[in-house]
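Biologist: I am new to this structure and would like a close look at a single part of it, the paired strands and whatever lies against them. Please take me through it slowly, and explain each term as you use it.

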Amino acid sequence: MPAKKATKKRAAKKSTAKRATKKRTTKKTAAKKASRRVGKSKIPGISRIDQESTRTHGWFVRVGYRRTKQGWRPKHRAFFGDKSHGGKTAALKAAEQWLNSVKE
């Protein structure tokens, strides 16, 4: 009987030790991680697509979701390729301008 109690105590100590060493995310660390993101848009509705297999690189914009028989689908969507807009930054600016014009 005493051996079982001892193993339970060890198991309890291990679980509390794991909880104590678990890394906690604070607002500062979350902000640092967000600032290190490369190729991420801070504007909702704009997402980055980099697909090497199809050589697709650019920004995809979706806005105005509606319910269909297949599920939720965006009313408006557009793709802004890096090559056709002269780079990542220019494509992102074009995507932001389009998004603002569609929202109005």
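Modeller: A good place to begin is Ser47, whose bridge partner in S2 is Phe60. Please keep in mind that this is a predicted model, in which local features need pLDDT of at least 70 and side-chain atom pairs count only at pLDDT 80 or more, while totals for chains, interfaces and linings use all residues. Residues are numbered from 1 along each chain as its sequence is written, and side-chain values use heavy atoms, with hydrogens and water left out.

S1 and S2 are joined by six bridges and run antiparallel; two strands are taken to pair if DSSP finds at least two bridges between them. Together they form a hairpin with four residues between them, and in that turn Arg55 has a positive phi of about 55°. The strands belong to a protein with four helices and three strands, where helices (H or I, at least four residues) and strands (E, at least two) are DSSP runs numbered from the N terminus.

Within strand S2 lies Gly58, which counts as buried because its relative accessibility is 0%; buried means under 20% relative accessible area, exposed over 50%, and partly exposed in between, with a 1.4 Å probe and protein chains only. Gly58 is ten residues from Arg48 in sequence, yet their C-alpha atoms are 6.0 Å apart in space. Leaving aside neighbours within four places in sequence, Gly58 is in contact (heavy atoms within 4.5 Å) with residues that include Ser47, Arg48, Phe79 and Phe80. Arg48 also has its charged end over the ring of Trp59, 5.1 Å from the ring's centre, the rule being that NZ of Lys or CZ of Arg is within 6 Å of the ring centre and within 35 degrees of the ring normal.

Helix H4 meets this region too, since its buried residues pack against strand S1 (46–51), strand S2 (56–68), strand S3 (71–81) and helix H3 (82–85). The buried residues of H4 are Ala91, Leu92, Ala94, Ala95 and Leu99. They cover an arc of only 160° around the axis, so they lie on the same side of H4, the arc being that of the directions from the helix axis to the C-beta atoms. An α-helix has 3.6 residues a turn, so residues three or four places apart point the same way. On the other side of H4, Thr89, Lys93 and Gln97 are exposed.
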